[in-house]
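Subject: Structure for you to look at

Hi,

Here is the structure I promised to hand over. Have a look, and then read on for what turned up.

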Amino acid sequence: MHPKIKKYYVYLGNHKDERRRFIHKLYHDRCVYCGATVKLMDLSNFQIDHIVSKDVLYKRHISDEKIHSIYNLVPACRSCNRQKSNFVPKKKESERLLNPDENLLDQVFYRDERYYIRISDGFKENDDIKAFYQKLQLGNQIKRMDYLLMQIDTLLKELKSPEYLRKHGLHESVEVRKLIDTLRDEYDEVLGRRRIEG
């Protein structure tokens, strides 16, 4: 779309910029690491992450143009981006496994029956994967709440669809809406506490 832009990252500070919105849409408006969505969190809680950190690439003598190119940028929630920081896997294979654009993260991690993010059996002994999981705190309660709220939100949309309501002779449940709002308030409170503590 913008072939003349060499350092794409420079243009992505503004949440309202069309290029920034394009990147979010490209990744389904979600954090590439934990799956949190802009539907539940304000867009200001999202940042643009360098897949391989600037510091690491500078040490490898990679040009600014490649470091800040669209191929090294992904949307991440503020929490994942900050916690990931300058994390670098020690093994090249791990770097590939943890690169969101390789589409392997869903093989490396999964949601258990209680909706926590866990490391898949085949990767539990990989030190890089374990370090990444701990650094981003992917097993944290907040990552679970994100997912549960997304699922409830999706369910609510389905329940609110005129076709579904008509088919089942139902009306939108005020109780379900109150439950969603309560969970969202609790979620916002947890996020607010984390910002103050962090």
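Which residues lie nearest the centre of the largest pocket? They are C31, V32, G35, L105 and D106, out of 23 residues that line this pocket. Before I go on, the ground rules: this is a predicted model, where local features need pLDDT of at least 70, side-chain atom pairs count only at pLDDT 80 or more, and totals for chains, interfaces and linings use all residues. Numbering starts from 1 along each chain as its sequence is written, and side-chain values use heavy atoms, with hydrogens and water left out.

Back to the pocket. On a 1 Å grid over the protein atoms alone, a pocket is an open set of points with protein on both sides within 12 Å along at least five of seven lines, whereas a cavity is a set of points where a 1.4 Å probe fits but cannot get out; lining residues have an atom within 4 Å of a point. Points are joined across faces, edges and corners, and a volume is the space filled by probe spheres set on them. The largest pocket holds about 640 Å³ of space. Its lining has 15 nonpolar, 4 polar and 4 charged residues (nonpolar: Ala, Val, Leu, Ile, Met, Phe, Trp, Tyr, Cys and Pro; charged: Asp, Glu, Lys and Arg; polar: the others, Gly among them). At least two lining residues come from each of α6, β3 (109–111) and α8 (141–160).

Now the overall fold. The protein has 10 helices and 4 strands, in the order α-β-α-α-β-α-α-α-β-β-α-α-α-α from the N terminus on. These are DSSP runs numbered from the N terminus: helices are H or I with at least four residues, strands E with at least two. Of the 198 residues, 43% count as buried (buried is under 20% relative accessible area, exposed over 50%, partly exposed in between, with a 1.4 Å probe and protein chains only). With contact meaning heavy atoms within 4.5 Å, residues 24 or more positions apart account for 61% of the contacts with a separation of 6 or more.

What about the core? The largest nonpolar core has 38 residues, and C31, Y33, F109 and L138 have the most contacts inside it. (A nonpolar core here is a set of buried Ala, Val, Leu, Ile, Met, Phe, Trp, Tyr and Cys residues joined through side-chain atoms within 4.5 Å.) Two or more residues each come from β1 (46–50), α2 (54–59), β2 (73–77), α6 (105–108), β4 (117–119) and α7 (127–135), with β2 giving the largest share, 4 residues. If you click on L138, you should find contacts with Y33, C34, C80, F109, I117, F132, Y133 and K143, leaving aside neighbours within four places in sequence.

There is also 1 cavity of 30 Å³ or more in the whole structure, with about 120 Å³ of space in it. Its lining is Y33, I51, V52, K84, F87, V88, P89, E95, L98, N99 and F132, which by class is 8 nonpolar, 1 polar and 2 charged residues.

One of those lining residues, E95, is in helix α5 (residues 92–97). Is E95 buried or exposed? E95 counts as buried, at 17% relative accessibility. Beyond four places in sequence, E95 touches V52, R60, V88 and P89. E95 and I51 are 44 residues apart in sequence, but 9.4 Å apart in space, C-alpha to C-alpha.

Three histidines are worth a click too. H50, in strand β1, counts as buried at 6% relative accessibility. Not counting residues up to four places away, H50 is in contact with Y9, I67, H68, N72, L73 and K84. C-alpha to C-alpha, H50 is 9.2 Å from S69, which is 19 residues away in sequence.

H28 is in the loop between α1 (18–26) and β1, and has a positive phi of about 60 degrees although it is not a glycine. H28 is exposed, with a relative accessible area of 62%. H61, in the loop between α2 and α3 (64–67), also has a positive phi, near 60 degrees, and is exposed at 74% relative accessible area.

Cheers
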